[in-house]
Amino acid sequence: MATTDSSPARIAVEVVYALPERQTLLALHVPVGTTAQEAVTLSGLLRQHPELDLAQHKLGLFGKVSAADTVLREGDRVEIYRPLLADPKEVRRRRAAEGKAMRKGGGEAG
């Protein structure tokens, strides 16, 4: 469908940021050619969450880390990832070591 006005073409995208206690999902229409970082800025999330620092937080599209300068397509969902509090590999190692210690100690025979 052709448009008769001179406004730039726009696409629908979503921007998501989740905290442990709540998630913010914003749907917006941005100009064609908008990058992931520009969509975050246009969404207003940086004003709502002043703790967000795009130099520290990674961005992704549908669960896959992406560069901030990735040009968005219709229907993309930009996700803002919080830094990990613990290295998942280290957590697994610690749990495995704790499990071995418990098995070695056995339980009391009844």
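Me: Starting at the end of α1, what phi does the residue after this helix have?
Reply: Bear in mind that the model is predicted. The residue that follows α1 is G44. The phi of G44 is positive, near 85 degrees.

Me: And which residue has a positive phi although it is not a glycine?
Reply: Most residues other than glycine have a negative phi. For this one, look in the loop between β3 and β4. There, with a positive phi of about 50 degrees, sits F62.

Me: Is F62 buried, partly exposed or exposed?
Reply: Buried would need under 20% relative accessible area, and exposed would need over 50%. F62 comes out at 47%. That value lies between the two cut-offs, so F62 counts as partly exposed.

Me: Back to α1: how wide is the arc that holds its buried residues?
Reply: The buried residues of α1 are A36, A39, V40 and S43. Looking down the helix axis, they line one face, because they all fall within an arc of 100 degrees.

Me: What do those buried residues of α1 pack against?
Reply: The helix as a whole packs on the sheet, where it touches β1, β2, β3 and β5. For its buried residues, the list of partners also takes in a helix, α2. In full, they pack against β1, β2, α2, β3 and β5.

Me: What angle does the direction of α1 make with that of β2?
Reply: β2 is one of the strands that α1 touches as it packs on the sheet. Taking the direction of each, the angle is about 110 degrees.

Me: In what order do the strands of the sheet lie?
Reply: There are five strands, the sheet is open and the pairing is mixed. β2 and β4 pair on one side only, so they are the edge strands. From one strand to the next the twist averages 35 degrees. Reading across, the order is β2-β1-β5-β3-β4.

Me: How many bridges join β1 to β2?
Reply: A hairpin of four residues links these two strands, and they run antiparallel. R10, for one, stands opposite P31 in β2. The total for the pair is nine bridges.

Me: Do β1 and β5 pair in the parallel or the antiparallel sense?
Reply: Two of the matches between them are V15 opposite V78 and E14 with its bridge partner R77. The strands pair over four bridges, and the sense is parallel.

Me: Which residue in β5 stands opposite L59?
Reply: β3 and β5 pair in the antiparallel sense, over four bridges. K58 stands opposite Y81 in β5. As for L59, the residue opposite is I80.

Me: Which strand gives the most to the largest nonpolar core?
Reply: Nonpolar side chains tend to be buried together in soluble globular proteins. The largest core here has 17 residues, and V15, L72, V78 and I80 make the most contacts inside it. At least two residues each come from β1, β2, α1, β3 and β5. With four residues, the one that gives the most is β1.

Me: Which residues of β5 does V15 touch, leaving out those up to four places away in sequence?
Reply: The contacts of V15 include T24, L25, L26 and L28, along with A39, V40, S43 and L45. β5 runs over 77–81. Within that stretch, V15 touches V78 and I80.

Me: Is H57 buried or exposed?
Reply: H57 is found in the loop between α2 and β3. Beyond residues up to four places away in sequence, it touches Y17, E51, L52, I80, Y81, R82 and P83. The relative accessible area of H57 is 10%, below the 20% cut-off, so H57 is buried.

Me: How far apart are the closest N and O atoms in the salt bridge between E79 and R77?
Reply: The structure holds one salt bridge, and this is the pair that forms it. The partners sit in unlike surroundings: E79 is buried, at 10% relative accessible area, whereas R77 is partly exposed, at 26%. Their closest N and O atoms are apart by 2.7 Å.

How values were computed
Residues are numbered from 1 along each chain as its sequence is written. This is a predicted model: local features need pLDDT of at least 70, side-chain atom pairs count only at pLDDT 80 or more; totals for chains, interfaces and linings use all residues. Side-chain values use heavy atoms; hydrogens and water are left out. A nonpolar core is a set of buried Ala, Val, Leu, Ile, Met, Phe, Trp, Tyr and Cys residues joined through side-chain atoms within 4.5 Å. Buried means under 20% relative accessible area, exposed over 50%, partly exposed in between (1.4 Å probe, protein chains only). Contact means heavy atoms within 4.5 Å. Axes are lines fitted to C-alpha atoms, for helices over the stretch in contact, and angles run from 0 to 180 degrees between N-to-C directions. A salt bridge is a side-chain nitrogen of Lys or Arg within 4 Å of a carboxyl oxygen of Asp or Glu. The arc is that of the directions from the helix axis to the C-beta atoms.
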